[in-house]
Amino acid sequence: MERGDVIGLHIYSYVAGTLSESISQDSARVAEDAVKKALPGVQLKVSKTARKESAADAVGNGSGIFAVGSKLTDAVKAAAMLGEHLKTGAAVDEHLQDQLIIFMALAKGHSRYLSGPLSLHTQTAIYICEQILSIKFQIIPVANENVIVECDGIGLENSLLIQ
């Protein structure tokens, strides 16, 4: 397994309380220099955020820093995954399909979505919801190995939403 080429870096540095914002800016600059020294000859797109939380919002004084890197392999892999998903014509991919099940089961009315083949997580979520809530999901096969997932939920509504 290869790391891939690092192509970007975002550095987020912050201070809170009575500490000077210049500490945050200096920390971000030092972190950028350290990464560039560790990766000589690599052209990095670097962005920095230096922030100060007000003393009123902070509990004492403190500082922190974190950095998030991006790799060319991540971008290539993400683009390939997106391309594969777009070919299916489905509205929902395998990473979202299982997360929608509980909301469909609890909601008022009829819910449905078009998805690619169901993941094991989704099949498990459907099984658990059917057992606990005594509802039934319908899985309707359609073209390109896609399926329509649908159910009539148990009728919960958010009373805080403006109707």
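Reader: Why does K136 count as exposed?

Author: Happy to start there. In this predicted model, K136 has a relative accessibility of 54%. Exposed means over 50%, so K136 counts as exposed.

Reader: And what makes E130 buried?

Author: E130 has a relative accessibility of 16%. The limit for buried is under 20%, so E130 falls on the buried side.

Reader: How do you know that E130 forms a salt bridge with K136?

Author: The closest N and O atoms of E130 and K136 are 3.7 Å apart. A salt bridge needs a side-chain nitrogen of Lys or Arg within 4 Å of a carboxyl oxygen of Asp or Glu, so the pair of E130 and K136 qualifies. As background, side chains of opposite charge can pair when their charged atoms come close.

Reader: How many salt bridges does a search of the whole structure find?

Author: The search finds 8 salt bridges. One of them joins E53 and R51, with 2.7 Å from N to O. Another joins E150 and R112, where the closest N and O atoms are 3.6 Å apart.

Reader: What makes the pair of E150 and R112 a link between distant parts of the chain?

Author: E150 sits in strand β6, residues 147-152, and R112 in strand β4, residues 110-115, with their positions 38 residues apart in the numbering. The accessibility of each partner is worth a look too: E150 is buried at 12%, whereas R112 is exposed at 51%.

Reader: Why are E53 and R51 called partly exposed?

Author: E53 has a relative accessible area of 25% and R51 has 38%. Partly exposed covers the range between 20% and 50%, so both residues belong there.

Reader: Now the interior. Which residues have the most contacts inside the largest nonpolar core?

Author: They are I101, M104, Y113, I126, F137 and V149, in a core of 14 residues. Helices α3 (97-106) and α4 (120-133), together with β6, each give two or more residues to this core. In general, nonpolar side chains tend to be buried together in soluble globular proteins.

Reader: What is V149 in contact with, leaving aside its neighbours within four places in sequence?

Author: Its partners include I101, M104, Y113, I126 and F137. R112 is also among the contacts of V149.

Reader: How do you know that the buried residues of α3 are on the same side?

Author: The buried residues of α3 are Q97, I101, M104 and A105. They cover an arc of only 95 degrees around the axis, so they lie on the same side of α3. This general pattern helps: an α-helix has 3.6 residues a turn, so residues three or four places apart point the same way. The buried residues of α3 pack against β4, α4, β5 (137-141) and β6.

Reader: Last topic, the rings. Why is the pair of Y12 and F66 called tilted?

Author: The ring centres of Y12 and F66 are 5.1 Å apart, and the planes meet at 35 degrees. Rings pair if their centres lie within 6.5 Å, while stacked needs under 30 degrees and edge-to-face over 60, so this pair is tilted. Y12 lies in strand β1 (residues 6-16) and F66 in strand β3 (residues 62-71), 54 residues apart.

Reader: Which residues do ring pairs link into a cluster?

Author: The cluster is made of Y12, Y14 and F66. F66 is partly exposed, with a relative accessible area of 45%, and Y14 is partly exposed at 32%.

Key. Residues numbered from 1 in each chain as written. Predicted model: local features only at pLDDT ≥ 70, side-chain atom pairs only at ≥ 80, totals over all residues. Heavy atoms only, no water. Buried < 20%, exposed > 50% of the residue type's maximum accessible area, 1.4 Å probe, protein only. Helix = DSSP H or I, 4+ residues; strand = E, 2+ residues; numbered from the N terminus. Core = buried A, V, L, I, M, F, W, Y, C linked by side-chain atoms within 4.5 Å. Contact = heavy atoms within 4.5 Å. Arc of directions from axis to C-beta. Phe/Tyr/Trp six-rings, centres within 6.5 Å; stacked < 30°, edge-to-face > 60°.
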